[in-house]
Amino acid sequence: MSRKTPQAIRGTQDIFGADAEAFAFVVETFERVRRLYRFRRVEMPVFEKTEVFARSLGETTDVVSKEMYSFEDRGGESLTLRPEFTAGIARAFLTNGWQQYAPLKVATHGPLFRYERPQKGRYRQFHQIDAEVIGAGEPQADVELLAMADQLLKELGIHDVTLHLNTLGDAASREAWRAALIEYFLGVKDQLSEESQERLEKNPLRILDSKDPRDKPFLADAPKIDAFLSEEASAFFAAVTSGLDAAGVKWVRAESLVRGLDYYRHTAFEFIPDEGSASAAALGSQSTVLGGGRYDGLMESLGGAPTPAVGWAAGIERLAMLVGAREVEALQVAVIVEDDSLVSMGISANSALRQAGMSSELVAAGSPRKRYDKGSKLGASAIVVYSLVDGHPDIRMKSVDDDLAERIKGVVYDSPE
RNA sequence: GCGAUCGUAGCUCAGUUGGUUAGAGCGCCGGUUUGUGGUACCGGAGGUCGCGGGUUCGAACCCCGUCGAUCGCCCCA
């Protein structure tokens with residue numbers, strides 16, 4: 001290990017080989033499915049004014065103060081590497097007048113940055129796919145978005161995850177529920193874990209998904225959102241669930257599923273591996289594969305007109321773990337040159353094969369005697385060998401695939417020298 | 001920020017209660033087999049055992065520190 005080589009930044013990854021193939025498979029599948037649902041592609045900046053994220057997330061949270069990659073540029077302006085897509089898309093929607101396209105369905109993917117301690121399925125630079133519907137307040141938008149997520153997971157071959165669904169109601173319902181939770185947990189405060197006692201002040205909803213055994217006894221009897229839902233909020237949720245049923249999307253109710261941020265309204269959801277499944281084992285403690293919700297309050301926090309919106313995002317690395325290692329596509333042709341005087345013949349054959357749409361590798365270096373071995377190890381369906389027989393150039397071809405053999409003959413034997 | 005486990009060739013790993021010049025497989029390079037669909041044989045390069053200190057006659061091994069990795073807690077947009 002050379003002392004001079006700089007190390008990669010903590011929490012960044014160099015993805016290669018089968019893992020990189022799995023990553024690409026996730027992105028390609030997402031791109032294909034997103035077209036089926038007519039989501040339009042957007043490309044966003046990787047960094048924004050810190051304000052964009054601070055205002056949308058809420059200034060107070062740990063998330064803003066500790067988990068963002070922020071820095072000053074040369075003009076002294078505070079910038080931040082995007083920790084999520086939603087805030088930047090909302091900003092673009094407002095600054096570019098995309099209201100004219102509403103309701104707007106957009107999709108994107110790329111790197112995101114969060115200053116966190118790396119662990120299984122969590123990195124400082126990680127990658128997500130993302131889909132948003134902006135300017136659509138009706139429950140059908142939630143249904144469409146969730147149907148797309150469900151289809152994506154199935155097309156990725158992931159069948160052991162389930163949609164966990166909840167509603168947070170409208171702003172009034174949500175506040176009433178929150179107040180009731182605080183009151184309830186205050187009553188048993190002494191018996192809660194230290195973490196949850198702190199959460200009581202900062203983020204009471206989060207007590208509901210505490211992992212601490214000391215908290216669990218109190219969770220079952222905690223107030224439920226359903227008791228606080230307004231008539232409209234109930235109707236909205238009912239429309240979402242019946243729409244999902246109609247679309248054939250399986251779901252389970254998750255009464256304790258919450259969102260930390262204030263701008264979330266109504267639908268909140270996560271796709272989570274089924275207990276004991278292969279996917280659950282593959283993900284370790286990072287169980288959520290895809291998550292999102294309705295964020296009707298966000299646009300206002302960025303100074304825009306009230307605009308309903310709903311979206312989700314999913315970690316590409318986590319999806320790639322569930323998809324499993326994928327091998328590179330098999331090589332079709334290995335071109336082996338066993339005598340250096342024939343190298344240019346090999347080069348032109350290799351080149352002609354590729355231009356004719358066949359994947360090809362040239363083996364013309366190293367010990368001539370070992371080239372055949374080296375070439376055959378590439379695992380190609382066909383091998384083309386250039387060698388010298390009695391001082392004359394000789395071409396031989398072997399193939400396990402007759403159609404491929406014909407295609408090769410058409411290219412290699414007819415190519416102008 | 002906290003905790004646990006781990007750091008030996010390019011890769012995956014051995015290394016006996018501390019004992020001489022630190023090993024294997026794979027990969028890489030070269031040679032042999034006049035070989036032709038992966039599998040043979042021989043040889044070679046490549047390691048201050050993460051780094052720094054300590055204990056000891058002697059440390060890859062024991063102790064302390066440090067850096068890094070992994071997994072978990074907190075947090076999770």
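**Reading helix crossings, a pocket and two backbone details**

Guide: Welcome! In this predicted model, the axes of helix α5 (residues 139-155) and helix α9 (residues 231-247) come within 9 Å and their crossing is roughly 40°.

Visitor: How should I read that angle: parallel, perpendicular or oblique?

Guide: Angles under 35 degrees count as roughly parallel and 65 to 115 as roughly perpendicular, with others up to 145 called oblique. The angle here therefore makes α5 oblique to α9. The handedness of this crossing is right-handed.

Visitor: Which residues of α5 and α9 make the contact?

Guide: From α5 come P139, D142, V143, L146 and A147, and they face F236, A239, V240, G243, L244 and A247 of α9. By class, the contact of α5 with α9 has nine nonpolar residues, one polar and one charged.

Visitor: Now another pair, please. At what angle do α13 and α15 pack?

Guide: Helix α13 (residues 343-355) and helix α15 (residues 402-412) pack at about 125°, and their axes are 9 Å apart. That angle makes α13 oblique to α15. Is the crossing of α13 and α15 left-handed or right-handed? It is right-handed.

Visitor: And which residues meet there, in α13 and α15?

Guide: On the α13 side you will find A349, A352 and L353, which meet I408, V411 and V412 of α15. The contact of α13 with α15 holds six nonpolar residues, with no polar and no charged ones.

Visitor: Let's turn to pockets. What is the volume of the second largest pocket?

Guide: The volume of the second largest pocket is about 220 Å³. It is lined by 14 residues, of which Q13, I15, D19, E317 and A320 are the closest to its centre.

Visitor: Which elements give two or more residues to that lining?

Guide: They are α1 (17-36) and α12 (316-323). With four residues, α1 gives the most to the lining of this pocket. Sorted by class, the lining has nine nonpolar, two polar and three charged residues.

Visitor: What should I look for in the backbone?

Guide: Start from the general pattern: most residues other than glycine have a negative phi, and most peptide bonds are trans. Then look at R38, a residue other than glycine whose phi is positive, near 60°. R38 sits in the loop between α1 and β1 (40-41).

Visitor: Where is there a cis peptide bond?

Guide: The cis bond joins A102 and P103, with omega at about -5°. P103 lies in the loop between α4 (86-95) and β5 (104-113).

Technical notes
Residues are numbered from 1 along each chain as its sequence is written. Chains are lettered from A and ligands numbered from 1 in the order in which they are written. This is a predicted model: local features need pLDDT of at least 70, side-chain atom pairs count only at pLDDT 80 or more; totals for chains, interfaces and linings use all residues. Side-chain values use heavy atoms; hydrogens and water are left out. Axes are lines fitted to C-alpha atoms, for helices over the stretch in contact, and angles run from 0 to 180 degrees between N-to-C directions. A crossing is left-handed if the near helix is turned anticlockwise from the far one by less than a right angle, and right-handed if clockwise. Contact means heavy atoms within 4.5 Å. Ala, Val, Leu, Ile, Met, Phe, Trp, Tyr, Cys and Pro count as nonpolar, Asp, Glu, Lys and Arg as charged, and the others, Gly among them, as polar. On a 1 Å grid over the protein atoms alone, a cavity is a set of points where a 1.4 Å probe fits but cannot get out, and a pocket is an open set with protein on both sides within 12 Å along at least five of seven lines; lining residues have an atom within 4 Å of a point. Grid points are joined across faces, edges and corners, and a volume is the space filled by probe spheres set on the points.
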